[in-house]
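How is this chain folded, and which parts of it come together? The paragraphs below take the reader from the overall fold to single residues.

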Amino acid sequence: MIQIYLEIAAVILGLFSAFFASRNKVLVYPMGIISTLIFVYLLAKAGLLGDMIINAYFFIMSVYGWYYWSRSKNGVSLNPMSSSTFYDFKVSCLIFFSSIVFIGGIYIVFDQWIQWTAYVDTFTTAIFFAGMWLMAKRKVEHWLFWIVGNLITIPLYFYKDLLISSLQYLILTLIAIMGYKAWKRKLNTTQQTLSA
């Protein structure tokens with residue numbers, strides 16, 4: 001019974017975290033930190049090692065992102081939102097492929113590479129690892145990673161009987177779509193203002 005309450009709490013905090021991210025607010029991180037810690041516990045119990053590890057990674061990147069987003073001078077952010085550079089793309093690819101090798105290795109070590117869910121979990125984990133790095137760096141394109149990863153995770157969690165979490169990923173997909181549009185709009189407005 002406690003697991004259901006923990007899942008509900010983690011889902012609510014995760015939704016608030018995504019909402020604050022879509023608004024480009026640093027509150028994304030404290031909400032996300034608590035949510036990810038709860039999910040580490042729940043996913044370990046469900047045997048979804050990749051997602052468990054990604055939530056631990058989210059925790060670490062949330063601490064970094066909180067620091068990175070909060071840096072300002074005279075009330076002006078030192079790290080405003082921006083588009084990904086070619087360097088960011090290369091790092092994202094490196095994180096993605098390294099994550100596949102790492103998470104695949106974890107599944108092999110724990111002898112869990114036995115169901116099709118391990119392959120899907122490894123793939124989505126790699127997507128989320130790369131997306132979280134871009135989010136911490138405040139890159140607009142991080143939303144695209146969330147959209148793709150969320151769409152794959154919805155049926156995976158449903159299959160694993162994490163029904164509340166599956167619903168959460170459906171809502172997160174909608175928030176990610178809105179977040180991507182809002183960030184693109186804000187970035188375009190900022191660029192037009194600077195070029196005027």
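What follows moves from the whole chain to two helix pairs, and then to a few chosen residues.

The model shown here is predicted. Its secondary structure comes to seven helices and two strands, and along the sequence these elements are arranged in the pattern α-α-α-β-β-α-α-α-α. The C-alpha trace spans about 55 × 35 × 25 Å along its principal axes. The radius of gyration is 17 Å, which agrees with a compact globule, because a chain of 196 residues folded in that way would have a value near 16 Å. Of the 196 residues, 47% count as buried. Among contacts between residues at least 6 apart in sequence, 72% join residues that lie at least 24 apart.

The beginning of the chain offers a helix pair to look at. Helix H1, residues 2-22, and helix H2, residues 28-46, have axes that come within 8 Å and cross at roughly 145°, and the crossing is left-handed. On the H1 side the contact involves residues including Leu-6, Ala-10, Leu-13, Phe-16 and Phe-20, while H2 contributes, among them, Met-31, Ile-34, Ile-38, Phe-39 and Leu-42. Sorted by class, the residues of this contact divide into 15 nonpolar, five polar and two charged.

Further along the chain comes another pair, formed by helix H4, residues 86-109, and helix H5, residues 116-136, whose axes come within 8 Å and cross at roughly 145°. Here the crossing is right-handed. The residues of H4 that make the contact include Asp-88, Val-91, Ile-95, Phe-96 and Ile-103, and those of H5 include Thr-125, Ile-127, Phe-129, Trp-133 and Leu-134. The contact of H4 with H5 has 14 nonpolar, five polar and two charged residues.

Asp-88, one of the H4 residues in that contact, also takes part in a salt bridge, in which its side chain meets that of Lys-139 at 3.4 Å, N to O. The structure holds one salt bridge. The pair links distant parts of the chain, since Asp-88 belongs to helix H4 and Lys-139 to the loop between H5 and helix H6, 51 residues apart. Are the two partners buried or exposed? Asp-88 has a relative accessible area of 5% and is therefore buried, the limit being under 20%. Lys-139, at 11% relative accessibility, counts as buried because it falls under that limit too.

Helix H6, residues 142-159, brings the reader to two more residues. His-142 has its place in H6, and with a relative accessible area of 0% it is buried. Leaving aside neighbours within four places in sequence, His-142 is in contact with Gly-131, Leu-134, Met-135 and Trp-183. Leu-134, named here as a partner of His-142, is also one of the H5 residues that make the contact with H4.

Gly-149 likewise has its place in helix H6, and at 0% relative accessibility it counts as buried. Which residues does Gly-149 touch, not counting those up to four places away in sequence? They are Thr-124, Ile-127 and Phe-128. The C-alpha atoms of Gly-149 and Thr-125 are separated by 7.9 Å, although these residues are 24 apart along the chain. Ile-127, which Gly-149 touches, is also among the residues through which H5 makes the contact with H4.

Technical notes:
Residues numbered from 1 in each chain as written. Predicted model: local features only at pLDDT ≥ 70, side-chain atom pairs only at ≥ 80, totals over all residues. Heavy atoms only, no water. Axes fitted to C-alpha atoms, helices over the stretch in contact; angles between N-to-C directions. Helix = DSSP H or I, 4+ residues; strand = E, 2+ residues; numbered from the N terminus. Left-handed = near helix turned anticlockwise from the far one by under 90°. Contact = heavy atoms within 4.5 Å. Nonpolar A, V, L, I, M, F, W, Y, C, P; charged D, E, K, R; others polar. Salt bridge = Lys/Arg side-chain N within 4 Å of Asp/Glu carboxyl O. Buried < 20%, exposed > 50% of the residue type's maximum accessible area, 1.4 Å probe, protein only. Rg over C-alpha atoms; globule rule 2.2 N^0.38 Å.
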